[in-house]
Structure formats: C-alpha cells, structure tokens
Amino acid sequence: MTDASALIREPWEDFARQKEGVSFGFWIFIASEVMFFGGLFFAFAVDRYLHTQAFRIGLQHTDLTYGTINTALLMSSSFFMTAVVRGAPAGLRRTTVFGLAVCAALGVGFLITKGIEYHDDISKGLIPGAGFPLRPDATQLFFGFYWIMTGVHAIHLFVGICLVLLIETLIVLRRLPLQSPTIEIIGLYWHFVDIIWMILFPILYLLGRWP
Amino acid sequence: MHVWIKPAGVWIALLALLAATIGAAHAELGALSIALNLLIAGICIGLIGILFMNLARSSVLIRLAAASGLFWLLFLFVMTAGDYLSR
Amino acid sequence: MTDITLDRLPHVEAASLSYLTEGHTLGSWLLTTDHKRIGVLYALTITFFFFIAGAAISVVRLELVHPHGLFITDEEYNRLFTLHGVIMVWFFLVPSIPTTFGNFLLPLMIGAKDVAFPRLNLMSWYIFVAAGLVTLYALIAGGVDTGWTFYTPLSTFYANGNVIAAAAGVFIAGFSSIATGINFIATTHMLRAPGMTWTRLPLFVWAIYATSVVMVLATPVLAMSLLLIVAERWLGMPIFDPANGGDPLLFQHMFWFYSHPAVYIMILPAMGVASEVLACFARRRVFGYVAMIISLMTIAVIGFMVWGHHMFVAGQSPYANLIFSFLSFIVAVPSAIKVFNWTATLYKGSITLKAPLLYVMSFIGLFTIGGLTGLFLASVPLDIHLHATYFVVAHFHFIMVGGTVSAFFAALHFWWPKITGRMYPDAWARIGAMTTFLGFMVTFLPQFVMGYDGMPRRYHVYPEQFQPYHVISTIGAVILAVAYTLPLFYLTWSLRYGKIAGDNPWHATGLEWKTSSPPPKENFEHTPVVTEEAYFYELEGVEDNGS
C-alpha cells in the first residue's frame with residue numbers, strides 16, 4: 001500500500017485516478033482488439049454462410065481432443081490470473097507469484113498442445129494447396145481460416161505469456177510493486193485472449209460436427 | 001483465501017459448460033446443437049468478462065468501452081449480412 | 001489582458017524557458033514524452049511524407065499532359081499513383097491534424113499537463129516512423145501497382161511487387177493510429193481541469209475525440225483485411241480466392257469498412273479547426289455549439305454505416321445498394337448543418353481577413369463542393385456512370401485536399417505563434433492561401449468535367465479528347481506545388497526573424513492562449529480553473545482582434 005505514491009506518473013496527480021485511467025485505456029484497446037478479431041470472425045461467418053456443407057466437412061477433420069484440452073487449459077489459466085489480479089493489490093505476494101507462474105505454465109501447455117496438433121494436421125496434409133485431401137474445394141477455405149485464426153490467436157497468447165513472465169520476474173526481483181496498474185491490465189489481456197478462444201473453439205471444432 | 005474462492009466457482013462453472021457444449025454437439029440435434037454451442041460460448045464469455053475481468057464492479061465508463069467494441073461489430077455483421085442474404 | 005508585443009528583435013529568444021528550450025540535445029527530442037515535442041516530431045515526419053507523395057503525383061501529372069505518355073512505362077505509372085495514395089492516406093492525411101495539432105493542443109485546451117499516457121505517445125511516433133520507412137521502401141524499391149486499395153485478386157495473385165511489405169507497413173502504422181486514439185480518448189475523459197465540463201470544451205477537442213473513437217474502432221478491421229491478403233499471398237491461405245469459394249467482394253467489405261470511416265478521420269479534425277478559427281476571426285461564439293457537437297458525433301457513427309457506396313458496381317446486392325445509398329445521403333446532413341452553423345458564426349461578426357481565416361474559408365467552400373459531389377456519387381444510378389472516373393478523383397480531392405489540407409494550413413497559421421512564439425508575415429501567408437485556392441480549383445475542377453465525360457481514373461494512356469482537361473489540371477498542379485512550398489520559406493524565416501508573438505496575439509479564447517508562447521514544458525504554471533463557456537468572445541471587455 002505504501003508503494004502507491006512512487007507509482008504516480010506525469011501527468012496524473014492521484015494514484016487512484018491513474019489506475020482508473022490505465023484500466024480505461026486498456027479496455028479501449030480491448031475494444032479495438034474486438035474489432036480486429038471480429039473482422040476475422042466476420043469473414044469466417046460470411047464464408048461459412050456461403051459454403052456451409054464444406055465448412056462442416058472441414059470442421060469434422062479438426063481434432064476435438066486437442067481442442068478440448070486446450071479449452072480446459074485456458075479456462076484454468078484465467079482462473080489463476082483472476083486470483084493474481086485480486087491478490088496483488090491486496091498485497092498477497094505469494095499468491096501473485098504462484099498464480100502468474102501457473103498461468104504462464106498453462107499457457108505454455110496450450111502452445112505445446114497446439115504445436116502437436118499442428119504437427120498432426122500437417123501430416124494429414126491439411127494445408128491448403130496442391131494435395132489437399134478433402135473435397136469440395138471450399139474445405140480449403142475452412143482450413144485457410146483454421147490456420148490463420150489459430151495462428152493469430154497463438155501469437156497473441158505467446159505475447160501474453162511473455163508479458164506474464166516479464167512481470168513475474170519484475171515482481172520477484174521487487175522491481176514492480178504489487179499495486180502497479182500493470183498487473184491488472186495484463187490480466188485483462190490474458191482474459192481477452194481466453195475469450196477469443198471461447199469463440200474459436202466452437203466455430204472450429206464443434207459447429208455441426210455431428211449432424 | 002478469499003481471492004480464490006469466488007473465482008473457483010466460476011472456474012468450475014466454465015468447465016461444466018465445456019462438458020455441456022461438447023455434449024450438445026454429440027447429441028446430434030442439428031441446428032439446435034449449433035445454437036446451444038454458440039449460446040454456451042456466449043455464457044462463458046459473459047462469465048469471463050463480467051466476473052473474471054471485473055466488469056461487474058467497473059465504472060460505467062469502462063463498461064461502455066467494453067460494450068462499444070461489441071456494438072460496433074454489429075454494424076459490420078448486420079449490414080454485410082444485408083448484402084449476402086439478399087443476393 | 002494586455003500583451004506587450006515586441007517588434008523585430010532578431011536574436012532575442014521567444015521565451016526564456018519553454019518546452020523548446022528545455023533540453024537542446026537530439027536525445028532530449030528523441031526520448032521526449034512531452035506531447036508538444038511529439039507533436040513537432042510528427043509534424044516534421046508528415047511533412048516529409050507529404051512532399052514525397054507530392055513528388056510522385058507531380059510526375060504523374062506531368063506524364064498525363066500527353067495522351068500516350070511521355071517518359072514512364074505503364075508499370076511505373078501504376079506504381080506512382082499507388083505510392084501517392086498509400087503515402088498520402090496513411091502517412092499524411094490520417095495522422096495530419098490529430099498527431100500534430102491534436103497532440104500539441106489537446107492537453108493545453110483542457111488544462112492538463114500532458115496526455116494520459118505520455119510514453120505510449122512517444123511509442124506511437126516511433127511505430128509511425130518505422131511503418132513509414134518500411135512502406136516507403138516497399139513502394140520505391142520494386143514498387144506496388146495495385147492502387148492504395150489493394151483489391152483482390154490483383155493484390156493476392158496477379159500483382160508483381162512488394163504488396164506484402166507495403167501491406168505490412170500499413171498494418172504497423174495502424175497500431176500508431178490506435179494508440180493515439182486510446183491516448184486522446186483517455187485524456188479527454190480523465191484529465192480535464194476543474195470546471196472544464198464536457199459542454200465547455202472547445203469544438204476542436206470534441207472533434208479530436210470523435211476522430212479518436214473512429215480510429216480505435218475502424219483501424220483494426222483494416223489491419224485484419226491486410227493480414228488476410230498477406231496470408232493469402234505469402235502463405236497461400238485461400239480466403240478471397242474464388243477458386244476455393246472465396247469472395248473478392250468480402251475483401252472490399254472489410255477494406256471499406258475501415259476506409260470509409262477513415263475519410264471521417266481525415267475531415268472531423270478539420271471541422272474542429274474551422275470552428276476555432278472562425279470564432280476567433282469573427283469575434284463571435286460558434287453558432288449552435290450543441291448542434292455542432294451532435295453533428296460531429298453523428299458523422300462519426302453514421303460514417304460507419306455507408307461503406308458499401310464504394311461497391312455499388314462490384315456485385316453487391318441491389319437491396320444493400322439501396323440501404324448504403326440512403327445512409328450516404330443521411331450522413332451529409334450533419335455536415336451540412338455544420339456548414340450552415342459556420343456561416344451563421346460569420347454573419348454579423350467582426351471579421352478580420354487574416355491568413356488562418358482565408359484558409360478556413362477555402363476549407364468551407366471546397367468542402368461544400370466536395371460534399372455536394374459526394375451526393376452525386378451516393379446516388380446509385382449516377383454512380384454507375386461515374387464510378388472509377390475522374391469525377392470520383394475530383395470529389396475526394398475536394399474533400400481531402402480542399403478540405404483537410406486547407407484546414408491543416410489554417411491550423412498551422414493559427415497556432416504557429418503558440419507553437420513557436422513567432423509571428424509570420426501575414427501578407428505572404430495570405431498570398432499562399434489565395435494561391436492554394438486558385439491552384440486547387442485549376443487542378444481539380446476540370447477533373448469533374450472529364451470524369452463526367454467518361455475519363456477513367458488510374459489510366460496512363462487515354463483518349464485524346466481529354467487532353468485539354470489534363471493539361472489544365474497539370475497547370476493547376478504546378479500552381480499548387482508553388483503554393484504548398486511557399487509556407488516552408490516564410491515559416492522558416494519567422495523562426496528567426498518573426499515578430500515575437502506574446503501569449504495571445506489573436507486575442508482568442510481557449511486555455512492554450514492563457515499560457516506563454518511557446519508554452520512551458522508543464523503547460524501551465526498553475527492548473528487553470530475554468531468558469532467560462534468555450535467561446536466567450538461576446539462578453540463585455542474581451543478585446544478586439546489586434547495585431
């Protein structure tokens with residue numbers, strides 16, 4: 001609690017107001033990310049509308065096991081992140097350090113699972129182009145979206161993991177006070193990446209899988 | 001301890017919803033399965049947004065910022081739907 | 001408040017301690033978090049890009065003097081107009097007023113010490129510069145010939161050139177836009193001085209706020225559309241490819257969902273500038289202040305609902321055409337309200353024809369013509385005839401150049417004394433303003449006529465019947481080039497030899513005029529407390545416009 005005054009940055013004059021401002025600014029950023037991914041989902045929705053049957057066939061060739069594991073991993077990571085975001089301003093150092101570590105680990109677990117899944121997809125030849133195993137041709141469109149959507153999501157997750165590890169290090173080294181607004185906004189970012197996956201999972205693994 | 005308890009409740013709910021959505025897909029209900037999948041996804045997103053991201057206790061300003069992204073997407077989806085659905 | 005204005009004293013510092021004098025090293029500029037210095041950095045950067053894109057189009061205009069081309073190939077021609085469009089749109093027009101005058105003035109106008117996130121502000125500039133260099137390199141080394149609109153499948157399959165690098169550069173520039181928008185929105189909400197309520201804000205602040213909302217919500221969709229064409233071209237991921245069931249029109253939906261609001265990003269700040277300058281040089285409050293705010297916000301919102309008017313002939317359904325056409329007519333209404341209100345502000349005002357006012361009057365006239373011709377294009381049957389002709393080219397140049405660039409120069413001449421502490425010679429500035437107006441009309445009026453007669457845009461080689469129009473247009477372009485270069489000379493001159501400006505040379509209202517010129521680093525010695533409305537020119541005791 002005593003660190004607060006050291007955290008005030010120009011032009012803010014009141015720490016509580018600065019914290020509110022940082023939160024607000026980050027939510028505006030999240031709104032922009034909603035539009036970014038929203039654009040992608042929009043394109044997917046249009047093409048699914050135009051080629052519903054082909055998209056279903058494509059979806060049947062994604063691996064539900066990997067998808068389910070990944071969803072559970074991210075949901076759990078969000079749980080730990082929530083404890084961090086609540087624990088840090090209350091001064092709970094061990095909760096914060098532990099929570100961030102588990103969160104990062106679960107995130108890495110997601111990326112590893114995804115990597116294995118990608119490997120499997122490649123060995124099944126599911127990269128659009130010559131030699132694509134499925135018909136009709138619009139299944140390639142589905143997999144175009146699959147690779148792009150999961151790829152962009154994975155990049156976002158990777159960035160998130162790096163940020164989590166960064167603040168973990170700074171907190172452990174006592175270079176970042178627990179009251180810092182940075183912790184809350186990294187939490188918001190992490191949850192947002194989780195929310196994106198909550199949309200990706202049904203549209204790439206579930207919708208119409210079993211007619 | 002208190003920072004873990006309420007989030008744990010949400011976590012269990014999320015995992016239960018995960019099971020439910022897979023079950024709904026397995027149930028072979030056609031369009032209803034799809035509707036359920038999307039509905040459950042919406043509930044999960046709501047839980048994460050409102051409870052994990054703390055929108056429940058945030059200022060009006062922050063809630064407006066959160067809502068504006070979603071609202072603006074409507075312009076993109078609805079007006080383009082007008083094009084594709086009427087071709 | 002009386003100002004003691006000093007006459008020409010060539011070697012006296014404008015102010016002993018200001019944001020300009022705190023720190024003389026390159027490092028103090030390149031690592032600054034002061035919004036005023038960042039505004040100056042942006043100004044230098046966009047000026048650089050403006051002249052590069054201007055040089056490209058000068059070559060194009062010279063080439064078009066002859067119907068069969070003179071000295072460049074078709075491929076080079078396509079690359080030149082693409083360069084012109086890409087650089088002008090994303091590296092001049094979109095950032096222009098917001099990153100320069102928005103950055104400099106927003107905290108001053110609301111009584112704050114800086115923007116909400118000063119380090120993010122500096123990072124915005126670095127991202128912008130990096131993006132600009134990447135894009136410039138892509139456009140010059142090898143080149144891109146798709147036009148600034150990157151339509152598929154030309155951009156994804158058939159174009160030879162640095163499409164991926166150019167798209168990547170623009171993608172990166174988008175981050176700069178979004179970061180600036182976030183900064184300005186947070187600043188406006190949370191850092192207003194005591195007494196500065198929303199309805200006491202200058203209209204320039206409202207305009208920047210509306211612009212920032214558009215920047216934050218529209219730019220990401222552009223980013224996604226560019227990401228998808230890069231994925232298609234570079235990684236072979238089919239998205240818009242009809243062979244796999246993709247729809248090229250889908251790209252256009254996504255691209256124009258951003259690019260139409262983008263033109264509102266360009267015009268809204270210009271409208272804010274117009275309100276500030278008009279109020280000052282008519283010595284009257286802006287007529288219909290609340291209506292002006294509602295108009296700004298309405299334009300920002302409805303501007304998101306009209307993008308389909310760029311695709312009337314691209315295969316969009318007739319019903320969608322109808323809706324987009326209708327909304328495009330509607331969006332003109334708030335703009336028209338603003339033009340009426342500006343006129344009403346001048347009516348019975350005490351008018352002084354200084355350079356900033358001349359530029360704003362230019363803005364109003366040219367913007368109105370541009371806006372009216374937009375209505376022609378919003379009508380589907382007319383657009384079928386006019387689409388992809390020079391009529392469209394003339395329309396958007398009337399708005400973007402006649403509108404935004406005029407307002408940019410108005411802002412430059414209005415706030416130059418505040419930014420630098422010096423006055424420029426008004427006579428030269430007025431010559432510049434009038435030359436700009438003349439050059440502009442000569443360049444672009446003929447383009448309406450030849451477009452209506454069927455001259456297509458982006459054509460290197462054209463039917464001989466259009467040559468007279470092209471020649472006149474090129475003559476106008478030469479006049480414009482002179483007019484745009486002129487300020488470089490007298491403004492630079494003023495930095496050393498110009499009259500010392502004093503705090504408020506125009507006797508304008510607004511918090512930025514209550515501090516010294518140039519302002520100190522923290523903007524105000526004491527946080528101001530606001531008790532008056534935004535434009536209190538009509539109160540007793542407010543001085544006439546001097547100097």
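Me: A helix is a DSSP run of H or I with at least four residues, and a strand is a run of E with at least two. What pattern does chain A follow along the sequence?

Reply: This is a predicted model. Chain A reads α-α-α-α-α-α. Its secondary structure comes to six helices and zero strands.

Me: What makes a residue of chain A count as buried, and how many of its residues are?

Reply: A buried residue has 20 or more other C-beta atoms within 10 Å of its own. In chain A, 55% of the 211 residues are buried. The C-alpha atoms of this chain fill a box of roughly 65 × 30 × 30 Å along the principal axes.

Me: What makes a residue part of the contact between chains A and B, and how many does each chain give?

Reply: Two residues are in contact if their C-beta atoms lie within 7 Å. Chain A gives 40 residues and chain B gives 38. On the chain A side, α1 (15–50), α3 (64–87) and α6 (181–206) each supply at least two residues. The most come from α1(A), with 13 residues. By type, the chain A side holds 25 nonpolar, eleven polar and four charged residues.

Me: How do you know whether the span of α10(C) fits the expected value?

Reply: The expected span is 1.5 Å times one less than the number of residues. Helix α10 (residues 289–302) of chain C has 14 residues, and the expected value is 20 Å. The span from its first C-alpha to its last is 20 Å, so by that definition α10(C) is close to expectation.

Me: Why are the buried residues of α10(C) said to line one face?

Reply: The buried residues are C:Y289, C:M292, C:S295, C:L296, C:I299 and C:A300. Seen down the helix axis, they fall within an arc of 130 degrees, so they line one face of α10(C). In an α-helix, residues three or four places apart point the same way, because there are 3.6 residues a turn. The buried residues of α10(C) pack against α8 (203–235), α9 (248–282) and α11 (318–346) of chain C.

Me: What makes a set of residues a nonpolar core, and which residues have the most contacts inside the largest one?

Reply: Its members are buried nonpolar residues joined through C-beta atoms within 7 Å. The largest core has 277 residues, and C:A274 and C:V360 have the most contacts inside it. The most residues come from α9(C), with 25.

Me: How do you know where this core lies relative to domain 1 and domain 2 of chain B?

Reply: Domain 1 (1–53) and domain 2 (60–87) of chain B both give residues to the core, so it lies between them.

Me: Which residues is C:V360 in contact with, leaving aside neighbours within four places in sequence?

Reply: C:V360 is in contact with C:A274, C:V277, C:L278, C:A407 and C:A410.

Terms used: Residues numbered from 1 in each chain as written. Chains lettered and ligands numbered in written order. Predicted model: local features only at pLDDT ≥ 70, side-chain atom pairs only at ≥ 80, totals over all residues. Buried ≥ 20, exposed ≤ 12 C-beta atoms within 10 Å, placed from the backbone. Arc of directions from axis to C-beta. Nonpolar A, V, L, I, M, F, W, Y, C, P; charged D, E, K, R; others polar. Domains from an automatic or database assignment.
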